[in-house]
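User: I want to see the reasoning behind the labels attached to this model. Please set each value against its cut-off before concluding.

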Amino acid sequence: MTDLVERVREVLPSVRRDLEDLVRIESVWADPARRNEVHRSAQMVSDLLSQAGFDDVRIVTEGGAPAVIAHHPPPPGAPTVLLYAHHDVQPEGDRGQWHSPPFEPTERDGRLYGRGTADDKAGIATHLAAFRAHGGRPPVGVTVFVEGEEESGSPTLGQFLAAHRDELAADVIVIADSDNWSTEVPALTVSLRGMADCVVEVATLDHGLHSGLWGGVVPDALTVLVRLLASLHDDDGNVAVRGLHESKAADVEYPPDRVRKESGLLDGVTEIGCGSVPQRLWAKPAITVIGIDTTPVAAASNTLIPRARAKISIRVAPGGDAAQHLDAVEAHLRAHVSWGAQVNVIRGELGQPYAIDASGPVYDAARAAFRQAWGVDAIDMGMGGSIPFIAEFARAFPEAKILVTGVEDPGTQAHSINESLDLGVLERAAISEALLLANLGTGHHPHRL
């Protein structure tokens, strides 16, 4: 195994160059003007996998963004491992807030900055490094699936899994799109919250009114909306909607100073909610107002606003049902609207939560790989965010064991400005995956996994 670790280190410089070339491609599927860039990114991923030694590499679509599927057949009696990542990225936001150009990878203090350096083109780099370290001949079958629309909610993934089920079938699925406990401590993600969203609209008037002539008698829509949104939480910041599910988080320490440092809480601002940080972050529901449509301050006049609306994001604890949570929030909004105002709730997307029973030989093999690569044991951690496609994988391949790993860390700032990848984490993640393939190869037959 020592030789394998050294081979990973030998291929990492070339892998990093490939990662930087991928980052330079502005593969933002959510931006119609840059969809050609997503196709260009898929072609580069396809070329890299072919050059790594995969004989069967194809770019495929099912009505959405281009994805890449590559196959390396298993030796006789060996299991097949599916390695997942995605090559699309989030929009970069305000480029002026980036310390370096978002699509020009730049190293500073051991971190590589740029959109997609971590989420999730580093997942592709990890898979390439592990495969190259094995000389293109790992002791297991390997299928690589690189999706192109994960950052847009994977809208065609269901059709994709149905259409390519036989090609993607595997004994073990490794999803390299999650976080680590820190830059020094790895993690296996064993639970993820689900998500739902809606837009709530309130109306009180058929037209605006002079606030001096009618204020104090006629309610305005914005005041109604503010009161309604405030009813979603109690005074401590706990979700006040009845009937939402709560599960149980792992008993790990997450001290207040770490919360403040990693979140960027301003001086004097306190945490919200009751219970431990892991409990609130991984195992309780959360509701956030993520946008409001109303008259902007610059255009404000002394007018009672006739209608206003807001978008609400709901996180669903593992074991809960996203549709039922959205039902409960809609019922709450209709029941708590003030002064008889008209209310309309427009239901949005749903993504189910997922919990993994991380026990058995596959997870033992993963933990052994982590221990050797990182020098410490991996933490089983939950994820406050949502990766709804994991539940889709579980439904499509119920017999497969799912490992959720990744190359992110608390300083990555995925989806935000100045996203970055810790280069030491990339090395340890690549070593872990190469060792995992070797460990799984010792199982000799899928039923032993």
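Analyst: Leaving out neighbours within four places in sequence, S46 is in contact with V57, I59 and V68. The model is a predicted one.

User: What makes these count as contacts of S46?

Analyst: Contact requires heavy atoms within 4.5 Å. V57, I59 and V68 are in contact with S46 by that criterion. S46 itself lies in helix 2, residues 35–52.

User: Why is S46 called buried?

Analyst: The cut-off for buried is under 20% relative accessible area. S46 has 8% relative accessibility, so S46 counts as buried.

User: Why is L213 called exposed?

Analyst: Exposed means over 50% relative accessible area. L213 has 67%, so the label is exposed. L213 lies in helix 6, residues 211–214. Together with W214 and V217, L213 makes a nonpolar surface patch of about 370 Å².

User: How do you know that strand 8 and strand 15 pair?

Analyst: Pairing needs at least two bridges between the strands. Strand 8 (residues 187–192) and strand 15 are joined by 2 bridges and run antiparallel, so the pairing criterion is met. L192 has Y354 as its bridge partner in strand 15.

User: What makes the pairing in this sheet mixed?

Analyst: The sheet is open and has 3 strands in the order 15-8-16. Strand 15 (354–355) and strand 16 (379–383) are the edge strands, each pairing on one side only. Strand 8 runs antiparallel to strand 15, but strand 8 and strand 16 pair in the parallel sense over 5 bridges. With both senses present, the pairing is mixed. L192 takes part here too, with M383 as its bridge partner in strand 16.

User: How many residues of strand 16 are buried?

Analyst: In strand 16, 4 of the 5 residues are buried, and the strand is described as mostly covered.

User: Why is the pair of Y84 and F393 called edge-to-face?

Analyst: The whole structure has 10 aromatic pairs. In one of them, the ring centres of Y84 and F393 are 5.8 Å apart and the planes stand at 75 degrees. Rings pair with centres within 6.5 Å, and planes over 60 degrees apart count as edge-to-face. Both conditions hold for Y84 and F393, so the pair is edge-to-face.

User: What parts does the pair of Y84 and F393 tie together?

Analyst: Y84 lies in strand 3 (residues 80–86) and F393 in helix 12 (residues 389–396), so the pair ties together parts that are 309 residues apart in sequence. Y84 has 0% relative accessibility and counts as buried. F393 also has a relative accessible area of 0% and is buried.

User: How do you know that F389 and F393 form an edge-to-face pair?

Analyst: Their ring centres are 5.9 Å apart and their planes are at 70 degrees. Against the limits of 6.5 Å and 60 degrees, the rings pair and the geometry is edge-to-face. Both residues lie in helix 12, 4 residues apart, about one turn of the helix. F389 has a relative accessible area of 2%, so F389 is buried. Ring pairs link Y84, F145, F160, F389, F393 and F397 into a cluster.

User: What makes the contact of E201 and R309 a salt bridge?

Analyst: The criterion is a side-chain nitrogen of Lys or Arg within 4 Å of a carboxyl oxygen of Asp or Glu. The closest N and O atoms of E201 and R309 are 3.7 Å apart, so the pair qualifies. E201 is in strand 9 (residues 194–203) and R309 in strand 13 (residues 307–316), so this bridge ties together parts that are 108 residues apart in sequence. The relative accessible area is 23% for E201 and 34% for R309. Partly exposed covers values between the 20% and 50% limits, and E201 and R309 both get that label.

User: Why is R95 called partly exposed, and E92 buried?

Analyst: R95 has 40% relative accessibility, so R95 counts as partly exposed. E92 has 8%, under the 20% limit, and is therefore buried. R95 and E92 form a salt bridge with their closest N and O atoms 2.9 Å apart. Salt bridges that share partners join E26, D31, R34, E92 and R95 into one network.

Terms used
Residues numbered from 1 in each chain as written. Predicted model: local features only at pLDDT ≥ 70, side-chain atom pairs only at ≥ 80, totals over all residues. Heavy atoms only, no water. Patch = residues over 30% accessible without salt bridge, like charges linked within 9 Å, V, L, I, M, F, W, Y side chains within 5 Å. Areas by Shrake-Rupley, 256 points an atom, 1.4 Å probe, with all protein chains shown as cover. Buried < 20%, exposed > 50% of the residue type's maximum accessible area, 1.4 Å probe, protein only. Phe/Tyr/Trp six-rings, centres within 6.5 Å; stacked < 30°, edge-to-face > 60°.
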